Amino acid sequence: MSTFNLRLPLDIPWSRRCVSDDMIDRRTGDSEAPYRWRSSLAIFDYEPPEEYQNYPGVIISYLKVVCSITGYQENPTEIGLKRRGLLSSWRGSPGITDYLNTLEQYYACFGAVLEVSVVPQVIRAPLRQYPYFMDFEPKKRELYQMASETNERQSRSIESLNLTKSAGTTQPLETYDIDMGGGGVSAQASFAGTGGGFSYTAPNGQWGTKRLNADETMSSRSTDAGQEKRETFSFTTQLSQLYHQLDSYHLGTNRALFFMLPRPNTLDTEHTFVNGLRNIEGIQEFFLVVARPSDTEEFCIEAYLETGHIGKVPRTEAREIAGSEIHASWSDSYNAKPKGDDDETTVYDQADRFWRVQDFYPGQGYTIKDAVLSSPGYRITYNHDKPNLVDEHPHISDRRNDFVKVSGKVHSGYANYVLDSEDREESITYPFTVDITLVKTEQVEKSTDTLFMTARSLVCCGNDRLKDAVREVDGVVYERNLPNITVIERPGVKGAQSLHNAVQEGIRRSTIDPEHRLSRPVSLSQSDFAAKAFVHYVPEAQHASIDSVTELPAAVRRRFKDLRSSVTVADLLDMPLTGLREVLDLDEQQALELRSALTGANHTPQSAREVWLSPTQEGRFFGPEGEQSS
């Protein structure tokens, strides 16, 4: 048979299977549109005709999963509903605006995990009927760093993807774009008719493409490109990929896992532009070859995407100024002796001793860094048997930035012996010395960072396309604190890489961390991060009693009967959602209702004045004539 009967490679005619339907604009010409900044999923499929089915007892089909990876922004409808309750509940608190800004903020994506699984449409099908992934692309992207510290480029498979005649194996191309330094142009010139010259040195590097599974041979041959494509390839398609690190797992099972992280900052220079972790956003496509037994007619597809984001609650921290350290020495003693004149009263010395910075270094900006107490021991003067006059040895009982407190207790002894006319007197001296280290500090802006992960899920089953798409998950599913990172100063490569590693570790352990893994998705305003931000921006919550919380469901209020009246709104908001549910014996919905009631988000204002006017403004706008509002 002539090889010209073979077809040229066919560009796969993809058919859309399902898509995140909340991203579809259902009407034109109005001001309403789907969320701009919310990740979405789309699944395309194609099943080659019978002539390309070359595996006995197995049907090959192709999937393309398209991830639109963006940052996260809270549902604007939810923010609009909660805004009125928040503003009216905390009238006059300037921090409530900062809290609302936290909810409205755009949180960039710093890592993503995609899981794609295929299962038979028949419930409880035997394991032999389960489809599996025979191949997928991309499998891996790594960073190549040059030792010359001139430049680095990432190798990535972007240009084309071919499927061999077996119709079950992919053959990608990998693009090289590596500048290894070198090269340059030089010129010489002169004046008045003499001199001149020009030279050029080519740059050193690697550019072009590399076929990952090509064999290198020493023989030469002439080929017909069209003929070779007919004999080698069956289908071809193109993939759009992000310029970041990627790893993949579980090839050969019915579940494929793809882990995407920002490309790391590798080289540090004196004039670095590194100012934190790179984000990872854009369109990433995945191509998957599905093999299913011939007796499995249809299969369901699930794509589950989690994206990692960082929320910051600002705080200030004192930092030591280099070279400002000084030392001070403070000596004192505890003393007790009888009053004399046959007075048998026991004398005690138990007064606290204080050393204050303002008494020795007033207005110089020093704070106490460390304090160490030492003593040679006590000295007792006695007539007869040696008594024990020490009740409490001198020790540092408290140390703050501005003072050191030493506590101790000693007493005297006395007895009058009439027979031998000799009194027994015992006195004690207990000296001590405190070596104090002082430094000058400056306030540095830092933040309490929270890694929170949001999820999107898309499930497709059956032949009825689009109508069978199901969105099961949308919201925050995991939260965990990250190491503290300086906000104002550039962290540089080391700081950025440290945060990169912390995010990577947080995402990896997110599925096995039950204390921080939420049993169901919640909105950003219901998250632990938002609760911490509320306590920071609205300090009035630290003094508001839980008895002042209104619009609380009766079933939740009954749980408060065992709580002390001194418990504040901030005390409960500081508890993670999981702890709040378990400590107060609440179900998931009750815990969410309690958190909304604590912040006032579910409060229904009585009038528009409560929302838009502070008490002072309301009195100035609508108070009786002639009265001045304070």
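A salt bridge here is a side-chain nitrogen of Lys or Arg within 4 Å of a carboxyl oxygen of Asp or Glu. Keep that in mind as you click around, and remember that what you have open is a predicted model.

**Stop 1: a small charged network**

Select Asp 135, Glu 137 and Lys 139. These three residues are tied together in a network of salt bridges. Zoom in on one of its links: the side chains of Lys 139 and Glu 137 meet with an N to O distance of 3.0 Å. Now switch on a surface. Which of these two is buried and which is partly exposed? Glu 137 is the buried one, at 8% relative accessibility. Lys 139 is partly exposed, with a relative accessible area of 29%. The cut-off for buried is under 20%, so Glu 137, at 8%, falls on the buried side, while Lys 139, at 29%, does not.

**Stop 2: other salt bridges**

The network is one place to look, but the structure holds 20 salt bridges. Next, select Arg 255 and Glu 115. Their side chains form a salt bridge, 2.8 Å from N to O. Color the chain by residue number and you'll see that this pair links distant parts of it, with the partners 140 residues apart. Arg 255 sits in strand S17, residues 255-261, and Glu 115 in strand S5, residues 109-120. How buried or exposed are the two ends? Arg 255 counts as partly exposed at 33% relative accessibility, and Glu 115 is also partly exposed, at 23%.

Then jump to Asp 398 and Arg 400. Here the side chains meet in a salt bridge at 3.2 Å, N to O. Arg 400 is partly exposed, with a relative accessible area of 47%.

**Stop 3: Asp 22 in its loop**

Select Asp 22 and show the cartoon around it. Asp 22 lies in the loop between strand S2 (15-19) and strand S3 (40-46). Despite the loop address, Asp 22 counts as buried, at 18% relative accessibility. Which side chain does the side chain of Asp 22 contact? Add Arg 456 to your selection: the two side chains make a polar contact at 2.9 Å.

**Stop 4: the disulfides**

Show the cysteines as sticks. A disulfide is a covalent bond between the sulfur atoms of two cysteines. This structure holds two of them.

Start with Cys 18 and Cys 460, which are joined with an S to S distance of 1.4 Å. This pair also spans distant parts of the chain: Cys 18 is in strand S2, Cys 460 is in strand S28 (residues 422-460), and 442 residues separate them. Look down the S-S bond and you'll find a right-handed link, with 40 degrees about that bond. Both Cys 18 and Cys 460 are buried.

Move on to Cys 300 and Cys 461, whose sulfur atoms are 1.9 Å apart in a disulfide. Again the partners come from distant parts of the chain: Cys 300 is in strand S19 (residues 299-320), Cys 461 is in the loop between S28 and strand S29 (474-481), and they are 161 residues apart. This link is right-handed too, with 125 degrees about the S-S bond. Check the surface once more: Cys 300 is buried at 9% relative accessible area, whereas Cys 461 is partly exposed at 25%.

How do the bonded cysteines pair up when counted along the chain? The pattern is 1-3, 2-4.

While the cysteines are still showing, click on Cys 67 and Cys 109. Cys 67 is buried, with a relative accessible area of 0%, and Cys 109 likewise counts as buried at 0%.

**Stop 5: the largest cavity**

Finish inside the protein. There are five cavities of 30 Å³ or more, and the largest has a volume of about 90 Å³. To frame the largest one, select Leu 518, Ser 519, Arg 520, Val 522, Leu 577, Thr 578, Arg 581, Glu 588, Ala 591 and Leu 592, which line it.

Which elements each supply at least two residues of this lining? They are strand S31 (517-522), helix H9 (577-583) and helix H10 (588-599). Color them separately and you'll see that S31 gives the largest share, four residues. Now recolor by residue type: the lining of the largest cavity divides into five nonpolar, two polar and three charged residues.

Methods: Residues numbered from 1 in each chain as written. Predicted model: local features only at pLDDT ≥ 70, side-chain atom pairs only at ≥ 80, totals over all residues. Heavy atoms only, no water. Buried < 20%, exposed > 50% of the residue type's maximum accessible area, 1.4 Å probe, protein only. Polar contact = N/O pair within 3.5 Å; in protein donor to acceptor, adjacent residues only side chain to side chain. Disulfide = S-S within 2.5 Å. 1 Å grid on protein atoms, 1.4 Å probe; cavity = no way out; pocket = protein on both sides within 12 Å on 5 of 7 lines; lining within 4 Å. Points joined across faces, edges and corners; volume = space filled by probe spheres on them. Nonpolar A, V, L, I, M, F, W, Y, C, P; charged D, E, K, R; others polar.
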